[in-house]
Amino acid sequence: LTTIAEQMGVERNRLSVPITVIGSIVIIGFKDKNSTGVTIEKAISAYLANNPALFSQNDRKWLAEKKIDLPWFGELQLSNFSLPILAVIIGLADGFNPCAMWVLVYLISLLISIRERKKIWVLVGSFVLASGILYFLFMTAWLNVFLLIGYIRSVTIVIGLFAMGAGIMNIRTYIVSHGSPSCAISDTASQQRTRGKIKNIIHQPLSVAT
């Protein structure tokens, strides 16, 4: 893939799958049969007729686009977003899970009872900020890892198998719990310890350590 990309003048940061090469035409990605499908047909016609004019500049417009379609957000052009913004979007999407939510909900319920607006803003704001920083660090770490070893076949196979295993475990959890939200990362005892730590922090005076 990288060899062909170099031969066709495709920059490495634009590499994704699928990549279709028809003569001198490179088509990156596949949206649907009515857009990419038609473009591929035009490229084949131009190649068979040996007439590049059959494949116009208008047909090339979307070739560099990398879009995702998200609920509520709609269609997003990934190239328009920096890594921190992508970290925020993915963090928001992943935030709606019981493993992240129970800590935040418990924290807010304790803070409401003390009725100190400043402390609420500082503690909840710190929690959200720390979560955002962690997501950003995870993304930069993964990005650098994949830039380093992402094109090694054995590594991608191992990561793919791991992802499939995690998916199977999630399906199993969904079936066992009959679809109810669950967090298997921590047991009841560790959750109680976390609650105790949160309670201690909240009842202490605000400081840099907080």
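Begin with the whole protein chain in view, where residues 24 or more positions apart account for 43% of the contacts that have a separation of 6 or more. Keep in mind throughout that this is a predicted model.

Colour the chain next by secondary structure: eight helices and four strands should appear in the protein chain, and following them along the sequence gives the pattern α-β-β-α-α-β-β-α-α-α-α-α. If you then switch on a surface, the protein chain exposes about 15400 Å², with carbon and sulfur atoms supplying 65% of that area, while 21% of its 210 residues count as buried.

Now hide the surface and select Trp102, Val103, Leu104, Tyr106, Leu107, Leu110, Leu111, Leu123, Val124, Ile198 and Ile202, which together form the largest nonpolar core, with 11 residues in all. Showing α5 (98-114), α6 (117-149) and α8 (188-202) as ribbons around this selection is useful, since these are the elements that each give two or more residues to the core. The largest share, seven residues, comes from α5.

Within that core, centre the view on Leu107 and display its surroundings: leaving aside residues up to four places away in sequence, Leu107 touches Leu123, Val124, Phe127, Ile198 and Ile202. Which residues should you select to find another core, apart from this one? Among its seven residues are Ile22, Ile25, Ile40 and Phe55.

To close the tour, return to the full chain and display both selections together, the largest nonpolar core with its 11 residues and the separate core of seven residues, against the ribbon of eight helices and four strands.

Definitions and conventions. Residues numbered from 1 in each chain as written. Predicted model: local features only at pLDDT ≥ 70, side-chain atom pairs only at ≥ 80, totals over all residues. Heavy atoms only, no water. Buried < 20%, exposed > 50% of the residue type's maximum accessible area, 1.4 Å probe, protein only. Contact = heavy atoms within 4.5 Å. Areas by Shrake-Rupley, 256 points an atom, 1.4 Å probe, with all protein chains shown as cover. Core = buried A, V, L, I, M, F, W, Y, C linked by side-chain atoms within 4.5 Å.
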